[in-house]
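Visitor: I would like to look closely at a single part of this model rather than at everything at once. Please take me through how that part is put together, and go slowly enough for a first-year student to follow.

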Amino acid sequence: MIIALVRTIILYLFIVIGIRLLGKRQIGELEPSELVLSLIIADIAAVPMQDYGIPLLAGIIPILTLLSISSILSVLTVKSIRLRSLLCGRPSIIIKDGKVLPKEMMRNRFTADELMEELRVGGYTDISKIKYAILETTGRLSVLPYASEQPITPSQLNLECREGGLPIILINDGRVMQQNLASRGKDSLWLSEQLRSRGIQSPSEVFLLTLDESGAIYYSRQQEPAERL
Amino acid sequence: MKPFWISSLILTATIAILLYNVSYLESFISPLQEKLQQAEAFARVEDWDTATQMTQEVHDALEKKKLYLNVTLPHNALDQMYLQIAESLSYLKHEKIGEYQASNQMLIHRMNLLYGAESLTLNNLF
């Protein structure tokens with residue numbers, strides 16, 4: 001049994017590192033080839049985990065091969081449009097100028113029920129108000145309403161807005177992120193002053209503290225222990 | 001392009017190492033098979049001690065490469081091979097020529113299958 005434990009750890013770490021090297025994609029945004037890769041790797045890894053009679057290399061080598069091929073193909077698809085359309089397919093316009101295109105739906109085996117479901121999830125109830133709906137290669141539906149149906153922006157009303165910018169974490173679960181602090185041009189002294197002005201004695205009392213580019217601070221204290229009833 | 005070259009290198013290196021492994025395995029197993037054939041020849045003329053010694057040498061050679069064999073080959077197949085060797089040695093000890101020959105030939109055949117399964121052939125692919 002200890003063999004199963006050690007093999008599981010080795011294979012798990014190996015796969016995590018390999019998938020990590022493939023890049024930042026969530027499972028829902030994988031291209032078909034990447035989804036197939038994930039499924040095959042999971043299947044391959046399970047075999048030597050459970051069967052001690054199979055050498056560990058019998059799992060590691062296929063996984064390594066798959067990850068290498070996937071990495072090579074992902075670089076080649078970036079360089080070659082033809083290869084990209086061959087492996088990943090092309091996005092399809094399902095709705096154009098407020099009208100559903102049945103031929104495109106048939107071609108993609110995309111049913112009317114699925115279309116309505118995707119539109120409802122996106123908050124769209126009136127197809128006639130949609131300029132384009134595009135079925136992406138990942139299977140997601142991108143909906144672009146007519147300009148007149150889109151929410152008004154401050155710039156359209158000639159209003160000026162404050163740019164908040166990107167908030168970065170300065171305190172994470174009681175720990176001060178020194179690198180982030182330095183990247184905003186601040187130091188521990190400034191942080192202590194900010195905490196004291198908010199009635200906080202120590203960074204350990206803070207669960208989350210962020211600072212955005214305009215200097216706005218958000219903080220959240222550590223949660224008090226739940227009271228016993 | 002760095003991931004491309006690194007992945008290509010890993011893939012090429014893996015293919016090269018595995019092909020070399022097949023060649024090395026064959027070069028390691030073939031002399032052992034010849035030794036077993038010679039041992040059988042000695043057993044036929046009732047030179048049991050020489051036959052036993054040669055079979056034991058085959059066993060010792062496999063033991064020396066135990067880690068390499070365990071890492072690269074299915075453990076069940078290796079276990080079967082060790083059991084077959086033990087069986088052959090037992091028959092030699094009791095001077096049972098018929099049973100020994102059958103066991104020895106089975107052992108040689110198992111060794112054939114062992115490196116045959118690793119070879120890059122159409123049979124193995126399909």
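Guide: Let us take chain B of this predicted model and begin with its contacts: if we consider the contacts in chain B between residues that are at least 6 apart in sequence, 66% of them join residues that are at least 24 apart. With that figure in mind, we can turn to the elements of the chain, which has 6 helices and 0 strands, so that reading along the sequence gives the pattern α-α-α-α-α-α. These helices do not make up a compact globule, because the radius of gyration of chain B is 18 Å, whereas the globule rule gives 14 Å for 126 residues, and the chain is therefore more spread out than such a globule would be. The outline of the chain can also be given as a box, and the C-alpha atoms of chain B fill one of roughly 65 × 30 × 20 Å when it is taken along the principal axes.

From the outline we can move to the surface, where chain B exposes about 7600 Å², with carbon and sulfur atoms supplying 60% of that area. As for what is covered, 34% of the 126 residues of chain B count as buried. The charges of the chain deserve a look as well, for there are 9 positive and 14 negative ones, and the mean positions of these two groups are 9 Å apart.

Side chains of opposite charge can pair when their charged atoms come close. In chain B, the side chains of B:Lys35 and B:Glu57 do meet in a salt bridge, with 2.8 Å from N to O. B:Lys35 belongs to helix α1, which covers residues 2–44 of chain B, and B:Glu57 to helix α2, which covers residues 48–64, so this pair ties together parts of the chain that are 22 residues apart in sequence. How far are these two partners covered? A residue counts as partly exposed when its relative accessible area lies between the 20% limit for buried and the 50% limit for exposed; B:Lys35, at 27% relative accessibility, is therefore partly exposed, and B:Glu57, at 30%, is partly exposed too.

This salt bridge can be set beside others, since the structure holds 7 of them over all chains. Chain A supplies examples, and one of them joins the side chains of A:Glu205 and A:Arg221, with 3.6 Å from N to O. That pair also links distant parts of its chain, 16 residues apart: A:Glu205 sits in the loop between α8 (188–197) and β7 (206–211) of chain A, while A:Arg221 sits in strand β8, which spans residues 217–221. Here A:Glu205 is partly exposed at 28% relative accessibility, and A:Arg221 is partly exposed at 40%. Another salt bridge of chain A brings together the side chains of A:Asp126 and A:Lys129, again with 3.6 Å from N to O, and its partners are partly exposed as well, with relative accessible areas of 31% for A:Asp126 and 37% for A:Lys129.

Coming back to chain B, you can find helices α1 and α2 in the view and look for B:Lys35 and B:Glu57, where the salt bridge ties the two helices together.

Conventions. Residues numbered from 1 in each chain as written. Chains lettered and ligands numbered in written order. Predicted model: local features only at pLDDT ≥ 70, side-chain atom pairs only at ≥ 80, totals over all residues. Heavy atoms only, no water. Helix = DSSP H or I, 4+ residues; strand = E, 2+ residues; numbered from the N terminus. Rg over C-alpha atoms; globule rule 2.2 N^0.38 Å. Buried < 20%, exposed > 50% of the residue type's maximum accessible area, 1.4 Å probe, protein only. Contact = heavy atoms within 4.5 Å. Areas by Shrake-Rupley, 256 points an atom, 1.4 Å probe, with all protein chains shown as cover. Lys, Arg positive; Asp, Glu negative; His and termini not counted. Charge placed at Lys NZ, Arg CZ, Asp CG, Glu CD. Salt bridge = Lys/Arg side-chain N within 4 Å of Asp/Glu carboxyl O.
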